[in-house]
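Colleague: I am new to this structure. Could you walk me through how to read it?

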Amino acid sequence: MLSVQNLSKSFGGVQATRDVSIDFPDGSLTAIIGPNGAGKTTFFNLISGAIRPDAGKVVFAGQDIVGRSSLEVVRLGMARAFQVAALFPSLTVKDAVTAAVTSHQRKSWTLLQRFPLEGTQHRTDEILELLGLSSKANTLSRNLSHGDQKLLDIGLALAMDPKVLLLDEPTAGMGPDERWRMIGKVQHLWEVKKMTVLFIEHDMDIVFKIAQAIHVLKYGAVLAQGTADEIRRNQDVIDAYLGTDHHLAHAAGQE
Amino acid sequence: MKSGVLRDLAVGAVLVALLLVLPILFPKPALRDFLIYVMAYGLLAMSLNLLVGLTGLVSFGHAAFFASGAYMFGLLMQSGTVGIPVAMLATVGGTAVLALVIGAICVRLKEIYFSFITLAFQMFIHSIILTWVSLTGGDQGLRGGIPRPPFLGIDLNDAMTLYVFCVVVFILCIAIMRQVWRSPFGFTLRMIRDNPTRANFLGADVVRVKLGIFVLAGSMASVGGVLLALFVSGAYPEFGFWTTSGEAIFMIMLGGSQLFIGPVIGAVLLRLLDHFVTIYTDHHGLVLGAVILVIVLGLRQGVADYIVDWLERRRETRAAAASVASEKGAA
Amino acid sequence: MNLEALASCLSTSACAVTQVSTALIIGMLLFMVASGLSLIFGVLGVINFAHGAFYMVGAYFAYAAYQATESFAVAFLAGALGVGLIGILFERFIMSRVYGKDVLMQLLVCYAAILIFDDLVKIIAGPEYKMMGMPEAFALPPLEFGGGFVPAYYVFMILASLAIGIGLWLAIEKTRLGKIVRALAINPPMVSALGINTTMLYAGVFGVGSLLAGIAGALAAPTRTLTPGMGLSILIESFIVTVIGGMGSIVGALIAALLIGFTRAFGAIGFPLFVDGLMFAMMALVLILKPSGLLGREPAR
């Protein structure tokens, strides 16, 4: 369903993405990993239409979406959550999700009815339930804890009823326990909604535990791809991470 | 949801009753005049707040549409070809087109650029009013009075009838803006105010939505201009001068940008302030400027917003204290 | 519309030279004001809506100093330094308190400042028009250029502004301090981490920006009638200049200011009613086609 072909992008003299080609099968859960500055977020920006690539194709829903605005890409069914939770600070959790659902139903322009529209409530409740945010429905987004903010960010993306969901470091800035709770929710979501999920992650234990496929980026290019086992044994990956992340070498040695 | 509408209707009814009873209780023309001014400028400030408070677009040129309302209406009435209702509708439509053209250029810009360029366009309109003397009367304003031919048995030459007419139009516009404020569209605007990038990634067409509210706010401002033109029976370049926009912004700050009715309260306060300052001194700008500086530097936010925040903080501290107390009790 | 008059002016060198000199002084004054505005915005990220008021204060300072001393040099310094000082005080005590606050607050303090300055000028100097008159030092016969005559003061004004513009450009692009200021525009914490007092630097930049407005006011004083509120139109025009030239670009500001100067000078003959319209059309066109301005780094979108 989603595949990128020979995607390249440079900023000034820096090549942030080099000739990346990856297929993401329908309903897959894929991790994008790589050292800092590997071009992971840029990769997401390219796919989601936030930045236009210099070369290459992004094929989604049977069409090349390069050159489409991020708005069009969202409407085709690709939503994203951000590394730093992108919220609406002055709206309550419920209002924010309801507004997002309203927007997805193409009713952002409705003037003659009152907010919330009747057709949105069920969907909103479902999303809050799914993420365990129901008890905080009336909390202002800015007053949420860090973890809940990340969840709400994902909730907003879910309101788009996406076929493909891009999660940029869903566990960023969390403690170890919280990370596992968070990723448990992501996995649950993926199982329930049967979406194609791409996520960027730094914690190798998490990646190896839940991802079906892993793509390793380094200096903007694909260094390796495969299943958790394949990646663990890949000498290039071990070399790339040695010195920057001993954890991976350690994890690989355990097998 | 339904209860929200009912409550708004109830508040609206009380407001109408109050506005109609006040001049009967205190039958001085001065009070009526004061209230008409407040309603005209209140519409200007309220409509500006759809941009400032609801969408996060700080326009410094909103008075352009206020002036366009007054002049278009005045010129249409002086032409003698149409009655008051048609002239009003045509004025609102004409201003909407004007706002569409100006907005199409402005709404794409980042916030501070937006402020400046709206100011620039306003001064452009102002300079057109000043230079096109044959049409607008230049700096003398639209002279010769604005005729008020009776329509549907309503004769606006009677002062009380004019007042009631203004109240009805004012409340009608307030109702429209209240509906915008509470509609799904209003929440799209809040999303854009809080985080336009995110709103875009949630399928909101940010530029078009901004343009939509810009046109709507401009049209509402033009109604304020119509009321003022009807009342003073003329139109003057000052209506479209930058100070008028500045006053509207100050009204919002006095009355609060997050309170729906705040800007009208601001309009009342500023008119009162104006009234007393003019009695005691000629140095109107000096006093007004000093008041603004004291408020902005002292509170660092609008007066009403400050009070609302203060009340909220107090409630939160109390709630926290209460929960601590109850926990102690439970232990 | 009187394009014949424009054509006939262009065909006689006397008229053409006069109009070119007019265009140049309008352009150079605008350039001074706009480059100050642009400098402040580029580094501090705020638009000083009170910049036009500073220009007016500069003109009045120069006027007052000239009345007192009959010396143009003193008048010039009074306008320039006086406004520079006001700028520093304004930044320290007022503007710096609303950094990071929403634009509404910045707008309001500037609005308040304009009201106060306009009223103070009215109270101190009176509401009526003032004329400073041509300083003694420039009571020279006009200079002849290709059949046209240009007053000596105009030549001085153009050269002085050009020199100041070049000086400013050199200071920003070629000196160590200029480098720091440019770094400050991009990454304040970094500059602060280098042990440089950014608070002082902000005040200094605001002061220099205001100084430029004051210089423009002082230079303009002998050639313009002074009124309270005279700063507004130059504020709007200098904003048009910064939009066309690009925020933060001094060379862009110069080109755009001259463009506006020529539009005004020749438009006044050929299409006086459409001068404002043409300026706005040019601005709109730039905003639509190249939102960052002709030479700007940062897009306005």
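Modeller: Happily! The radius of gyration is taken over C-alpha atoms, and the globule rule is 2.2 Å times the number of residues to the power 0.38. For the 331 residues of chain B, a compact globule would have a radius of gyration near 20 Å, and chain B agrees with its 21 Å. Its C-alpha atoms fill a box of roughly 80 × 50 × 45 Å along the principal axes.

Modeller: A word on the source: this is a predicted model, where local features need pLDDT of at least 70, side-chain atom pairs count only at pLDDT 80 or more, and totals for chains, interfaces and linings use all residues. Residues are numbered from 1 along each chain as its sequence is written, while chains are lettered from A and ligands numbered from 1 in the order in which they are written.

Colleague: How many helices and strands does chain B have?

Modeller: Helices (H or I, at least four residues) and strands (E, at least two) are DSSP runs, numbered from the N terminus. Chain B has 14 helices and 0 strands.

Colleague: What share of chain B counts as buried?

Modeller: A residue is buried if 20 or more other C-beta atoms, placed from the backbone, lie within 10 Å of its own. In chain B, 51% of the 331 residues count as buried.

Colleague: How many residues of chain A are in contact with chain B?

Modeller: Contact means that the C-beta atoms of two residues, placed from the backbone, lie within 7 Å. Here 29 residues of chain A are in contact with 25 of chain B. On the chain A side, H3(A) gives the largest share, 6 residues.

How values were computed. A residue is buried if 20 or more other C-beta atoms lie within 10 Å of its own, exposed if 12 or fewer, and partly exposed in between; C-beta atoms are placed from the backbone.
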